[in-house]
Amino acid sequence: MSTPALSETDRAHNRRVWSEWLRGPDCFRVPKPQGGVHECQDAWEVGHMLATDHWPLSDLVAQAAEYEADIEPAVMMACYGLRDGAGSFDRDDLAERIRGRILVAAQAAKSASRNPERMAALLAHNTIADLPEEPEWHLFALANCLDDMWRDDPSPMAGTVFSPPDIARLIADILDAAPPSLLAPED
């Protein structure tokens, strides 16, 4: 497993590193600088671990955050040039082929039966099912909710259309497409 090389200042390069990592065979395993690996749950966590452990400025950004809860969003924004800490973007900025895949997932989630006793899965299904009505989508929500749906029940009858590697490729495709609304204005 190679060590990713993130740039201090080239955010487009850093998004490409994240995207390429998500396309790799061990994409959910991120090497730690001291040895060993982080076993990541989803594509967003992969991006966060890459930035936290391999971006030279992550410690400075983390120290500048006022609250601990602000660290992850600040690192993701600064390292990858995301407009906000959740990776929000206008759904209409996506290419039709990518947007269509997400809408298929939304339709499957909408038509699936849900178990009200599994709160995380119910929230994930509802979030994905509501995407067609939402003008803005989020990398964080896509990665987490699609993964929660898979972990709850990977069968198509449960509305799951993406396995974890499929979700990683979807997030990589969005990063590669670089929807303008996803990106912060250049300084």
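**Exercise 1. Disulfides**

Task: Determine how many disulfides this predicted model holds, and examine Cys27 and Cys40.

Solution.
- Step 1. The cut-off for a disulfide is a pair of cysteine sulfur atoms within 2.5 Å.
- Step 2. For Cys27, the nearest cysteine sulfur belongs to Cys40 and is 9.0 Å away, and Cys27 is in no disulfide. For Cys40, the nearest cysteine sulfur is that of Cys27, and Cys40 is likewise in no disulfide.
- Step 3. The count for the structure is zero disulfides.
- Step 4. As to surroundings, Cys27 has a relative accessible area of 5% and is buried; Cys40, at 8%, is buried as well.

**Exercise 2. The largest nonpolar core**

Task: Establish which residues of the largest nonpolar core touch the most other members, and which element gives the largest share of this core.

Solution.
- Step 1. The core comprises 49 residues, and Trp18, Ile128 and Leu139 touch the most other members.
- Step 2. Elements that give two or more residues to this core include helix H1 (11-22), helix H2 (43-54) and helix H7 (139-152).
- Step 3. The largest share, seven residues, comes from H8.
- Step 4. Trp18 has a relative accessible area of 0% and is buried. Leaving aside residues up to four places away in sequence, Trp18 touches, among others, Trp44, Tyr80, Leu139 and Leu175.

**Exercise 3. Aromatic pairs**

Task: State how many aromatic pairs the whole structure contains, and describe the pair of Trp18 and Trp44 and that of Phe89 and Trp137.

Solution.
- Step 1. The search finds four aromatic pairs.
- Step 2. Trp18 and Trp44 are edge-to-face, with 6.0 Å from centre to centre and 70 degrees between the planes. Because Trp18 lies in helix H1 and Trp44 in helix H2, the pair ties together parts 26 residues apart in sequence. Trp44 is buried, with a relative accessible area of 3%.
- Step 3. The ring centres of Phe89 and Trp137 are 6.4 Å apart and their planes stand at 85 degrees, so this pair is edge-to-face. Phe89 belongs to strand S3 and Trp137 to strand S4 (residues 136-138), and the two are 48 residues apart. Both Phe89 and Trp137 are buried.
- Step 4. One aromatic cluster is formed by Trp18, Trp44, Tyr80 and Phe140.

**Exercise 4. Ser88**

Task: Decide whether Ser88 is buried or exposed, and identify the polar contact of its side chain.

Solution.
- Step 1. Ser88 is found in strand S3 (residues 88-90).
- Step 2. Its relative accessible area is 2%, so Ser88 is buried.
- Step 3. The Ser88 side chain makes a polar contact with the side chain of His138, at 2.6 Å.
- Step 4. Beyond four places in sequence, residues touched by Ser88 include Arg83, Trp137 and Leu182.

How values were computed
Residues numbered from 1 in each chain as written. Predicted model: local features only at pLDDT ≥ 70, side-chain atom pairs only at ≥ 80, totals over all residues. Heavy atoms only, no water. Buried < 20%, exposed > 50% of the residue type's maximum accessible area, 1.4 Å probe, protein only. Core = buried A, V, L, I, M, F, W, Y, C linked by side-chain atoms within 4.5 Å. Helix = DSSP H or I, 4+ residues; strand = E, 2+ residues; numbered from the N terminus. Contact = heavy atoms within 4.5 Å. Polar contact = N/O pair within 3.5 Å; in protein donor to acceptor, adjacent residues only side chain to side chain. Phe/Tyr/Trp six-rings, centres within 6.5 Å; stacked < 30°, edge-to-face > 60°.
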